[in-house]
Amino acid sequence: NCILANSANIAGHVNIEDFAILEGIVAVQQFISIGAHSCVAGGALVRKNVPPFVKAAREPLSYVGVNSIGLRRRGFSNESITQIEDIYRTLYVKGKNVSTSLDIISLEAPESPEKTLILDFIRSSEKGIIRGPLSI
C-alpha cells in the first residue's frame with residue numbers, strides 16, 4: 001500500500017514500510033528505512049532514515065510535521081494523531097538531543113502501538129534519522 005510517484009529512485013537494501021508515500025523525483029540512498037505512514041516530498045534526497053508518521057521535505061531533508069491528513073484518511077483517531085504530534089514535538093521541537101528525547105518520550109508519553117513503533121524505529125536506525133526543522 002505504498003505510493004511511489006514518477007521517477008522515485010530507490011537504491012539497494014532500502015526498507016519502505018506500509019503506507020509510505022514517496023513523491024516524484026525522490027532519490028533514496030542505500031540502506032535507508034522509510035517509516036510507515038510517512039510522506040517524503042518531491043525532489044527530496046533521502047540520506048537518513050525517515051521515521052513513521054512524518055512529513056519530510058527541504059534540503060537537507062528535514063521533519064516538517066506529522067502526516068495528519070494521511071493518518072485521518074487511514075482511520076487514525078484524533079487522540080492517536082495528537083499523541084504522535086506530542087511525541088515528535090518532544091523529539092524535534094523542544095531542543096533536546098535524540099537520546100534525551102527518547103528517554104523523555106519513554107517515560108512521559110502514554111503507551112500505544114504508535115509510540116512503540118516510533119521508539120523501535122528510531123532506536124534501530126543505525127544511520128540516524130532526518131533532522132528537525134531548520135531555524136531561520
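1. The crossing of α2 and α3 is right-handed. A crossing counts as right-handed if the near helix is turned clockwise from the far one by less than a right angle, and as left-handed if anticlockwise. On the α2 side, I87, T90 and L91 make the contact; on the α3 side, V98, S101, I104 and I105 do. Contact here means heavy atoms within 4.5 Å. The axes of α2 and α3 (residues 98–108) come within 8 Å and cross at roughly 150°. The two helices are therefore roughly antiparallel to each other. Angles under 35 degrees count as roughly parallel, over 145 as roughly antiparallel, 65 to 115 as roughly perpendicular, and the rest as oblique. Axes are lines fitted to C-alpha atoms, for helices over the stretch in contact, with angles from 0 to 180 degrees between N-to-C directions.

2. A word on the basis. This is a predicted model, in which local features need pLDDT of at least 70 and side-chain atom pairs count only at pLDDT 80 or more, while totals for chains, interfaces and linings use all residues. Residues are numbered from 1 along each chain as its sequence is written, and side-chain values use heavy atoms, with hydrogens and water left out. Helices (H or I, at least four residues) and strands (E, at least two) are DSSP runs, numbered from the N terminus.

3. The loop between α2 and α3 holds K96. K96 is partly exposed, at a relative accessible area of 46%. Buried means under 20%, exposed over 50%, and partly exposed in between (1.4 Å probe, protein chains only). Neighbours within four places in sequence aside, K96 touches L91, S101 and I104.

4. Helix α2 has a second partner, α4 (residues 113–123). Their axes lie 10 Å apart and the packing angle is about 30°. That makes α2 roughly parallel to α4. This crossing is right-handed. From α2, the residues S80, Q83, I84, I87, Y88 and L91 take part. They meet E114, K115, I118 and I122 of α4.

5. Now the aromatic rings. The whole structure yields 4 aromatic pairs. In one, Y88 and Y92 have ring centres 6.1 Å apart and planes at 15°, so the pair is stacked. Rings of Phe, Tyr and Trp (its six-membered ring) pair if their centres lie within 6.5 Å; planes under 30 degrees apart count as stacked, over 60 as edge-to-face and the rest as tilted. Y88 and Y92 sit 4 residues apart in α2 (residues 78–93), about one helical turn. Both Y88 and Y92 are buried. Ring pairs also bring in Y63, giving a cluster of Y63, Y88 and Y92.

6. Turn to the strands. One open sheet has 3 strands in the order β2-β5-β8, with parallel pairing. Its edge strands are β2 (9–10) and β8 (45–46), and each pairs on one side only. Between β2 and β5 (residues 27–28) there are 2 bridges. I10 has V28 in β5 as its bridge partner. Two strands pair if DSSP finds at least two bridges between them.

7. Strand β9 deserves a separate look. β9 (residues 54–57) pairs with β7 (residues 39–40) in the parallel sense over 2 bridges. C39 has K55 of β9 as its bridge partner. β9 also runs antiparallel to β10 (residues 62–66), joined by 4 bridges. There, K55 is partnered by G65 of β10. The hairpin of β9 and β10 has 4 residues between the strands, and R58 takes a positive phi near 75°.
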